[in-house]
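Okay, thanks for having me, everyone. I'll put the structure up now, and then we can walk through it together.

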Amino acid sequence: MESVSAVFAGTALALFGAALLLWTGARALHRAPVAHGVSPVASTALTTLFGLVFLGLGVWCFTLV
């Protein structure tokens with residue numbers, strides 16, 4: 001039963017992380033702001049960092065299966 005929870009959490013985290021990285025990349029490619037009212041460099045860097053963290057957590061959950 002624990003493996004089902006790990007697979008669900010891993011899938012959710014990996015999908016969110018991948019989508020966040022894809023969205024950030026698309027915004028940066030078009031030179032559009034990632035977050036309004038924040039430095040473009042800081043918002044792109046933090047969003048990329050959190051996308052990688054969520055993707056890494058998703059992969060880590062899959063290793064628990």
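Let's start with Leu46, which is partly exposed, with a relative accessible area of 48%. For that scale, buried means under 20% relative accessible area, exposed means over 50%, and partly exposed is in between, using a 1.4 Å probe and protein chains only. Leu46 sits in helix H2, residues 40-63. When I say helix, I mean a DSSP run of H or I with at least four residues; strands are runs of E with at least two, and the numbering goes from the N terminus.

Before I go on, a word on what you're looking at: this is a predicted model, where local features need pLDDT of at least 70, side-chain atom pairs count only at pLDDT 80 or more, and totals for chains, interfaces and linings use all residues. Residues are numbered from 1 along each chain as its sequence is written, and side-chain values use heavy atoms, with hydrogens and water left out.

Back to Leu46. Which residues join Leu46 in a nonpolar surface patch? They are Leu49, Phe50, Val53, Leu57, Trp60 and Leu64, and the patch comes to about 680 Å². A patch takes residues with over 30% relative accessible area and no salt bridge, joining nonpolar side chains (Val, Leu, Ile, Met, Phe, Trp, Tyr) within 5 Å and like charges within 9 Å. A salt bridge, for the record, is a side-chain nitrogen of Lys or Arg within 4 Å of a carboxyl oxygen of Asp or Glu. The areas come from the Shrake-Rupley method with a 1.4 Å probe, and for residues only the protein chains shown count as cover.

Now the buried residues of H2: Ser43, Thr47, Gly51, Gly58 and Cys61. What do they pack against? Helix H1, residues 2-29. Contact here means heavy atoms within 4.5 Å.

Take Ser43, in H2. Ser43 is buried, at 6% relative accessible area. If you skip its neighbours within four places in sequence, Ser43 touches Val34, Ala35 and Val38. The C-alpha atoms of Ser43 and Thr24 are 9.3 Å apart, with the two positions 19 residues apart along the chain.

So, over to Thr24, which lies in H1. Thr24 is buried too, with a relative accessible area of 3%. Again setting aside neighbours within four places in sequence, Thr24 contacts Val34, Thr44, Thr47 and Thr48.

Thr24 has company in H1: Ala6, Gly10, Ala14, Gly17 and Leu20 are buried as well. And these buried residues of H1 pack against H2.

Thr11 is another H1 residue, but this one is partly exposed, at 33% relative accessible area. From Thr11 to Leu29 is 18 residues in sequence and 27 Å in space, C-alpha to C-alpha.

How far does H1 reach from its first C-alpha to its last? With 28 residues, H1 reaches 40 Å, close to the 40 Å expected at 1.5 Å a residue. The expected span is 1.5 Å times one less than the number of residues. For H2, the 24 residues should span 34 Å, and the end C-alpha atoms are 35 Å apart, which agrees.

What about the bit in between? Arg31 lies in the loop between H1 and H2. The phi of Arg31 is near 55°, a positive value in a residue other than glycine. And Arg31 counts as exposed, at 77% relative accessibility.

Let's zoom out. The protein has 2 helices and 0 strands. Its C-alpha trace spans about 45 × 15 × 15 Å along the principal axes. The radius of gyration is 14 Å, whereas a compact globule of 65 residues would have one near 11 Å. That radius is taken over C-alpha atoms, and the globule rule is 2.2 Å times the number of residues to the power 0.38.

Of the 65 residues, 18% count as buried. The protein exposes about 4,600 Å², and carbon and sulfur atoms supply 77% of that. Lastly, among contacts between residues at least 6 apart in sequence, 77% join residues at least 24 apart.

That's my tour; happy to go back over any part.
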